[in-house]
Amino acid sequence: MHMDTYKNIEELLEKYWIGETSSAEEKALRDFFVHAHHLPSHLQQYADLFIIQHEQGELKVSDDFEQKLLQKITPAPTKRTPFTLNPFTLHPVPLFFKVAASIIIILGIGLFTYQHIEKQQATLLAQAEARETIIDALSMISDNLQKGEEAIDEGLKQFEILSNYTNEHE
């Protein structure tokens with residue numbers, strides 16, 4: 001084979017790898033590699049690819065291939081089916097029940113909050129009463145201690161008077 005033929009094949013290969021070859025140019029590449037018996041080493045590496053393509057035949061895409069492909073990948077519009085009573089499917093809930101459920105939930109949250117606040121207020125009230133009781137008890141103890149001190153002071157005065165009287169008469 002001539003060097004011009006190899007040069008032409010090399011140019012076609014460059015176009016092939018960047019995807020710019022026509023169908024006729026690709027057929028020429030396949031035919032060249034199928035019929036060539038002694039290839040230079042730098043072209044030998046491509047021979048198997050083009051021989052396999054030749055054995056598989058020329059792959060042609062039908063004219064309506066793109067349309068068929070788009071039909072396969074585009075989801076079909078969903079059809080609305082009439083409402084059937086099936087116990088395993090969710091049924092649409094009327095607006096009335098949705099509103100009623102919302103009101104019940106809001107009332108439940110409100111009642112829980114109210115009870116919680118009432119418990120907190122009762123606890124605070126009980127703590128205030130306990131504080132008052134403790135203050136009253138401490139006040140009574142303080143009064144009694146004061147009376148006790150006064151009684152001791154009075155007893156000591158009387159003891160002193162008695163001691164002085166006894167010392168004077170002896």
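A residue is called buried here when its relative accessible area is under 20%, and exposed when that value is over 50%. The model on display is predicted.

**The whole chain.** Begin with the complete protein in a cartoon representation. Its secondary structure amounts to five helices and zero strands, and the order from the N terminus is α-α-α-α-α. Colour the 170 residues by burial: 10% of them are buried. A surface view shows about 15,500 Å² of exposed area, of which carbon and sulfur atoms supply 61%. Among the contacts with a separation of 6 or more, 40% link residues 24 or more positions apart.

**Helix α1.** Next, select residues 3–17. These 15 residues form α1, and the distance from the first C-alpha to the last is 21 Å, close to the 21 Å expected at 1.5 Å a residue.

**Its buried side.** Within α1, display the side chains of Y6, I9, L12, L13 and Y16, which are the buried residues of this helix. They lie on the same side of α1 because they cover an arc of only 120 degrees around the axis. The general geometry is familiar: an α-helix has 3.6 residues a turn, so residues three or four places apart point the same way.

**What covers it.** Add residues 23–35 and 41–56 to the selection. These are α2 and α3, and both are among the elements that cover the buried residues of α1.

**The opposite face.** Now turn to the face of α1 directed away from its buried side, where the exposed residues M3, D4 and E14 are found.

**Past the helix end.** Finally, select G19, just after α1; its phi is positive, at about 80 degrees.

Note on methods: Residues are numbered from 1 along each chain as its sequence is written. This is a predicted model: local features need pLDDT of at least 70, side-chain atom pairs count only at pLDDT 80 or more; totals for chains, interfaces and linings use all residues. Side-chain values use heavy atoms; hydrogens and water are left out. Helices (H or I, at least four residues) and strands (E, at least two) are DSSP runs, numbered from the N terminus. The expected span of a helix is 1.5 Å times one less than its number of residues. Buried means under 20% relative accessible area, exposed over 50%, partly exposed in between (1.4 Å probe, protein chains only). The arc is that of the directions from the helix axis to the C-beta atoms. Contact means heavy atoms within 4.5 Å. Accessible areas come from the Shrake-Rupley method with a 1.4 Å probe; for residues, only the protein chains shown count as cover.
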